[in-house]
Amino acid sequence: MQSPCQLVAILDAGAQYGKVIDRRVRSLHVESIMLPMNTPTHQLNKYSAIIISGGPESVYSKSAPKFDPRVLKLNKPILGICYGMQLMVHLLGGKVEALDRREDGPCTIQVNPKSKLFASLKSKQQVLMSHGDSITQLPAGFTAIAHSGQIVAGIEGQDGRLFGVQFHPEVDLTPNGLIILQNFLFKIAKLSGNFTIKDRVGQAIKDIRQQVGQKQVLVLVSGGVDSTVCATLLRQALKPDQIKAIHIDNGFMRQNESAGVKLALEKQGIQLKVISASTEFFKQLHRVTHPETKRHRIGDTFMRVTKQAIKDLGLGDDSMLAQGTLRPDLIESASKIASRQANAIKTHHNDSPTVRKLRQSGRVIEPLSDYHKDEVREIGRQLGLPPSLVWRQPFPGPGLAIRLLCAQKPYMLPNFKTIQHQLDQFSTPQITATLLPARTVGVQGDGRTYSYFVGLSGERSWSTLLKLAKEIPKQIRQINRVIYIFGDQLKSPVTQITPTYVTPENITQLRQADYIVNQILIEFNLVRKLSQVPVISFPIGFDQPGCRSIAIRTFMTNDFMTGVPALPGQDMPMQALNKMVKQILKQVPGIARVAYDLTSKPPGTTEWE
Ligand code: XMP
């Protein structure tokens, strides 16, 4: 007989990957629920198994989320992930200590396949590590079942019920992670995996009808998959005259994008009103350089323009706002809904304070807020949207504005020389590693970083370059991104930047480069294979003062929480890449160099800001 309850509780310690655990468990047909870390023990009794997530804190930090140690005595199968494991060890009397250096990024570890958790796996495994603390003493009755060098990477309690892993089995960067979760759920917790998610489209339509009633709904359409699916769901759920669809052209769209969006939506039977608001947006970003300030200003302007549009459309005070917000958007901006703990990596503009206020008063409809991108594409497919729309690469709401790296002066803290000195150990006669005097956003150890990036130049041996890109941020914590710079090997330090702000001219320059890259992606049929290819302008002219450079950031992922760059010559044909470099240099005025981003996420995020 099956146990009556087949529900897994995921205790959320604030990891940005918490929701990915949830999705992975569900993809294995096991129902799961995310609960706060301090959920009382008696409430946990009804679940068949418990997973304790990772989080940005150290077990010793005062604000560290803790669970009741009695949870461990519930006689339930428990899997602690990263921080979750450390907390388990700490509460059971083992020792957790800070390492000299963090382990961040993909690592190779040794696992013991005799443990049920690693059943059917080979002993050498690729995993994603992201931690600063480590286990230095196991609690009584525990054995180590995995190691990363000298570091304990997995543990098992003597009754075969308590398990912990230091790495993240839930993300793409742990290729066999799903097998590990499967082993936990089916071999250890003995679940049956018979849960199927109900008809999502039917459910969403029902929910929308219930929430909206006879009211009017304003839907903001960016043209991406999420908002298009959201608008199409509304179209199916409501009467056409209840829906007002608008598209705000903020001035940071891609070439011909706004016109294309209008056309695509009209084909779905949705009348789209395009509002040109670029002047307003540029004004708000005058001399702003900090990424978070940019996002807030763009988010606020967006809401202001929206409010005006609502007024102009004559929508009533009780009208509602629909957004295509996804689960990861909320997690990454540390929304109260998704997670009480997640450290803000980037504020998403569809989660601004105004939206939060509206949300509290029940006036925001977000039919996709429980889903990840791949699930939304599936819903889009079920709704009959054309493949060109369903497979559109994501494009951030703040658009090209957050792909134009702005700076007033070089970013050179007193540690600049020391870090360059540390970097010198990675340089060879063939390849130079140069510290660049600007910074980009990254994610290291579940927390946000805004720090230096490095340019490699010289010989184009991609496997060596990618190895360097993995190793450098591991060893030098102040570096979160590594790029390869095409052209001559850099011979001297880079200490100058070209002061850059969000202006129509600078956006136009970036838009031209972005257009070239995207045309070539289509020509070489790479749009689906590469999940996203942000094109970024950065304010360094190298040997051409006053110029800027362009970076091509390829990103391959399923979950958008972790991912890797495309390997040139393999995932990214050299012919396509060479064509991009050549055309950008030839056709876009004011561009000194073209670069290729070699960074995984972590330590670098998809976007640079
Ligand atoms: P990162 O850069 O954090 O991005 O790895 C993860 C995904 O989110 C997209 N992104 C945004 N989307 N508004 C959006 O609508 C934003 O402010 C924003 N910032 C990042 C990013 O393009 C990637 O798909």
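**Exercise 1. The largest pocket**

State how the residues of the lining of the largest pocket divide into nonpolar, polar and charged, and then work out which elements and domains supply them.

*Solution.* The lining divides into eleven nonpolar, eight polar and six charged residues, where Ala, Val, Leu, Ile, Met, Phe, Trp, Tyr, Cys and Pro count as nonpolar, Asp, Glu, Lys and Arg as charged, and the others, Gly among them, as polar. The model is predicted, so local features need pLDDT of at least 70 and side-chain atom pairs count only at pLDDT 80 or more, whereas totals for chains, interfaces and linings use all residues. Residues are numbered from 1 along each chain as its sequence is written, and side-chain values use heavy atoms, with hydrogens and water left out.

The next step is the space itself, which for the largest pocket is about 800 Å³. Among the 25 lining residues, R254, E257, S388, R392 and I522 are the closest to the centre of the largest pocket. Two or more lining residues come from each of α7, α13 (387–390) and α16 (504–523). At the level of domains, whose bounds come from an automatic or database domain assignment, domain 2 (200–397) and domain 3 (416–597) each contribute at least three residues to the lining of the largest pocket.

A pocket here is an open set of points on a 1 Å grid over the protein atoms alone, with protein on both sides within 12 Å along at least five of seven lines, while a cavity is a set where a 1.4 Å probe fits but cannot get out; lining residues have an atom within 4 Å of a point. Points are joined across faces, edges and corners, and a volume is the space filled by probe spheres set on them.

**Exercise 2. The second largest pocket and the second largest cavity**

Between which domains does the second largest pocket lie, and which helix gives the most to the lining of the second largest cavity?

*Solution.* Begin with the second largest pocket, which has a volume of about 460 Å³. Of its 22 lining residues, L173, K470, V564, P565 and S600 lie nearest its centre, and α15 gives the most to this lining, with five residues. By class, the lining of the second largest pocket has ten nonpolar, eight polar and four charged residues. Because domain 1 (4–188) and domain 3 (416–597) both give residues to this lining, the second largest pocket lies between them.

Turn next to the cavities, of which there are two of 30 Å³ or more. The second largest cavity holds about 80 Å³ of space, and its lining includes D104, G105, P106, K470, K474 and P603. Both β5 (95–111) and α15 (462–475) supply at least two residues of this lining, and α15 gives the most, with four residues. The classes here are five nonpolar, four polar and three charged residues.

**Exercise 3. The parallel sheet around β11**

In what order do the five strands of the open sheet stand, and how is β11 joined to β10 and β12?

*Solution.* The order is β12-β11-β10-β13-β14, with parallel pairing. β12 and β14 (364–365) are the edge strands, since each pairs on one side only. Helices (H or I, at least four residues) and strands (E, at least two) are DSSP runs numbered from the N terminus, and two strands pair if DSSP finds at least two bridges between them.

Strand β10 (residues 217–220) runs parallel to β11 and is joined to it by four bridges, with V219 opposite A245. The chain passes from β10 through helix α6 (residues 225–237) to β11 in a right-handed β-α-β crossover, meaning that, with the strands pointing away from the viewer, the path from the first strand over the helix to the second runs clockwise. Five bridges join β11 to the parallel strand β12 (residues 272–276), I246 having K273 as its bridge partner; together with helix α7 (residues 257–267), these two strands make a right-handed β-α-β unit.

**Exercise 4. Burial of two strands**

How many of the seven residues are buried in strand β11, and how many in strand β17?

*Solution.* Five of the seven residues of β11 (residues 243–249) are buried, so β11 is largely enclosed by the rest of the structure. Buried means under 20% relative accessible area, exposed over 50%, and partly exposed in between (1.4 Å probe, protein chains only). In β17 (residues 479–485) seven of the seven residues are buried, and β17 is therefore also largely enclosed by the rest of the structure.

The partners of β17 complete the picture. Strand β16 (residues 447–458) runs parallel to β17 over six bridges, with V454 opposite V482, whereas strand β20 (residues 591–597) pairs with β17 in the antiparallel sense over three bridges, with A595 as the bridge partner of I485.
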